Amino acid sequence: MSFESRHTDDAREARVERGFDLDARLASREAVDLRRDLAPVDRVGPRARTAPDPKGQPAEWTEERLVLASNDYLGLAGDPRLAEAAAKTAREVGAGAGASRLVVGDTPAHRALERDLAATKRTERALVFSSGYAANVGTITALDPDAVFSDELNHASIIDGCRLSGADVEIYDHCDPDALRAAMRERAREVDASGESWLVVTDTVFSMDGDVAPLAAVCDAAEDFGAWTMVDEAHATGLYVDGGGIVQREGLSERVDVQLGTLSKALGAQGGYVAGSEPLVEHLLNTARAFVFSTGLAPPAAGAAREALRIARADRRRDRLWDIVERTREGLEALGYEVLGETQILPVVVGDRADAVALADRLHEAGLVAPAIRPPTVPEGTSRIRLAPTAAHTRADVDRCLAAFEAAGTELDLR
Ligand SMILES: Cc1ncc(COP(=O)(O)O)c(C=O)c1O
């Protein structure tokens with residue numbers, strides 16, 4: 001083939017459309033009710049001004065609303081003590097880590113936080129990542145299991161970690177230790193599993209149902225089959241004994257091999273952590289790609305998280321949260337609403353997705369931020385409002401929330 005004809009063919013090739021029709025993709029999401037908009041707030045806290053998604057323009061704020069949708073459970077994200085800790089760390093250490101921890105991004109701010117996390121989680125050591133997402137993906141891939149046994153409602157970051165690890169993934173029924181045992185028994189029967197490494201992984205508190213994994217029974221099952229247990233305490237860290245999670249509440253620190261969580265929910269900062277044995281931490285810092293090939297957690301986030309952990313380890317803040325949560329749960333139930341779970345997350349089940357959206361709209365008109373959660377995030381017929389009161393809310397806020405639910409429920413004839 002001559003140079004000219006090859007050149008002409010290349011030019012013709014180049015005219016073929018091989019780009020990405022993103023408008024069409026967005027339209028198809030819209031067609032199945034999956035198109036999302038951002039929903040800005042002017043600050044993180046129990047009350048905030050909101051704005052319609054401004055796209056690339058500055059936000060136009062509306063009036064202040066009562067925010068009942070954040071994961072800032074202890075109400076610490078806007079606490080002046082965390083702001084001061086972050087500012088002090090920025091001044092003394094730097095605003096950013098400047099490099100991977102393995103290069104020159106490993107600072108006293110990281111080490112102090114890790115020592116405190118290890119003390120709270122009662123482990124030999126802890127290691128912080130730049131997010132909980134990175135911690136899950138980094139840890140599961142670094143463990144490189146042959147098989148993972150994963151609760152069917154585990155968080156997306158666990159699912160992504162499992163996929164990226166290339167392990168065989170066996171999904172067991174939600175919070176069902178018998179189903180977990182059955183899955184392990186079946187694998188032991190069907191493959192030569194003698195040299196295999198198995199990982200059982202579960203959230204402790206599930207973010208959409210507010211329920212708690214039966215952790216002791218999960219540990220029993222894992223131990224009977226020689227597997228390791230890994231838990232994600234994202235929605236529990238800071239809320240139980242000594243600022244720990246469900247593992248500490250249940251006294252299981254000795255039996256859970258990998259305790260993972262985030263600094264970005266009850267601890268009001270940013271980042272993820274893994275707590276466990278010395279060899280676990282050494283292995284992760286050597287091989288977890290999300291740790292090795294990513295800039296270290298920003299030191300001010302480490303400083304703020306450490307201050308939050310100090311506050312969480314004392315009882316008062318937690319007591320305030322549970323008081324607000326109980327008042328809200330009892331008030332909603334007294335109004336005739338069904339509230340799931342047993343934790344600070346209060347899923348108010350409405351059922352039909354259109355009813356849930358209508359309720360969320362009424363609550364919005366009444367000045368609340370409490371979005372509807374619909375399929376596919378939750379199963380069909382279980383659409384809900386996910387309420388998350390915080391320790392920064394007042395009893396007056398609870399009364400306002402309940403009044404809005406009462407009026408909307410009557411108007412929509414929901415109860
Ligand atoms: C159970 C669970 N694990 C991990 C994460 C990720 O944590 P982060 O937000 O710190 O990346 C989340 C966040 O939504 C979560 O709910």
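**Exercise 1.** In which segment does aspartate 413 lie, and is aspartate 413 buried or exposed?

*Solution.* One thing to keep in mind throughout: this is a predicted model. Start with the helix. Aspartate 413 sits in the segment after helix H15 (395–412). Next, count neighbours: there are 7 C-beta neighbours inside 10 Å. The cut-off for exposed is 12 or fewer, so aspartate 413 counts as exposed. Finally, check the backbone: phi of aspartate 413 is near 55°, a positive value in a residue other than glycine.

**Exercise 2.** Work out where arginine 122 is placed and how its exposure is classed.

*Solution.* Begin with the loop: arginine 122 is found between helix H4 (108–121) and E3. Then look at phi, which is near 55° for arginine 122, a positive value in a residue other than glycine. Now the count: arginine 122 has 17 C-beta neighbours inside 10 Å. Buried needs 20 or more and exposed 12 or fewer, so arginine 122 comes out as partly exposed.

**Exercise 3.** Describe the surroundings of phenylalanine 129.

*Solution.* First, place the residue: phenylalanine 129 belongs to strand E3 (residues 125–129). Second, class it: phenylalanine 129 has 27 other C-beta atoms within 10 Å, so it is buried. Third, list contacts, leaving out residues up to four places away in sequence: phenylalanine 129 touches, among them, Ala134, Gly138, Tyr273 and Phe291. Last, try a long-range pair: valine 274 is 145 residues apart from phenylalanine 129 along the chain, yet their C-alpha atoms are separated by 8.0 Å.

**Exercise 4.** Why does the largest nonpolar core lie between domain 1 and domain 2?

*Solution.* Size it up first: this core has 114 residues, and those with the most contacts inside it are Phe149, Tyr273, Ala305 and Ala308. Helix H12 (residues 299–313) supplies the largest share, eight residues. Then bring in the domains: domain 1 (31–78 + 315–412) and domain 2 (80–313) both contribute residues, so the core lies between them. For a closer look, take alanine 308: not counting residues up to four places away in sequence, it touches Leu76, Leu82, Gly238, Leu267, Gly268 and Ala269.

**Exercise 5.** How many residues surround the ligand, and which helix gives the most to the shell?

*Solution.* Count the shell: 14 residues surround the ligand, with Ser131, Gly132, His155, Ala234 and Thr262 the closest. Split them by type and you get two nonpolar, 10 polar and two charged. Then sort by element: helix H5 (residues 132–143) gives the most, with three residues.

Methods: Residues are numbered from 1 along each chain as its sequence is written. This is a predicted model: local features need pLDDT of at least 70, side-chain atom pairs count only at pLDDT 80 or more; totals for chains, interfaces and linings use all residues. A residue is near a molecule or strand if its C-beta atom, placed from the backbone, lies within 6 Å of it. Helices (H or I, at least four residues) and strands (E, at least two) are DSSP runs, numbered from the N terminus. Ala, Val, Leu, Ile, Met, Phe, Trp, Tyr, Cys and Pro count as nonpolar, Asp, Glu, Lys and Arg as charged, and the others, Gly among them, as polar. A nonpolar core is a set of buried Ala, Val, Leu, Ile, Met, Phe, Trp, Tyr and Cys residues joined through C-beta atoms within 7 Å. Domain bounds come from an automatic or database domain assignment. Two residues are in contact if their C-beta atoms, placed from the backbone, lie within 7 Å.
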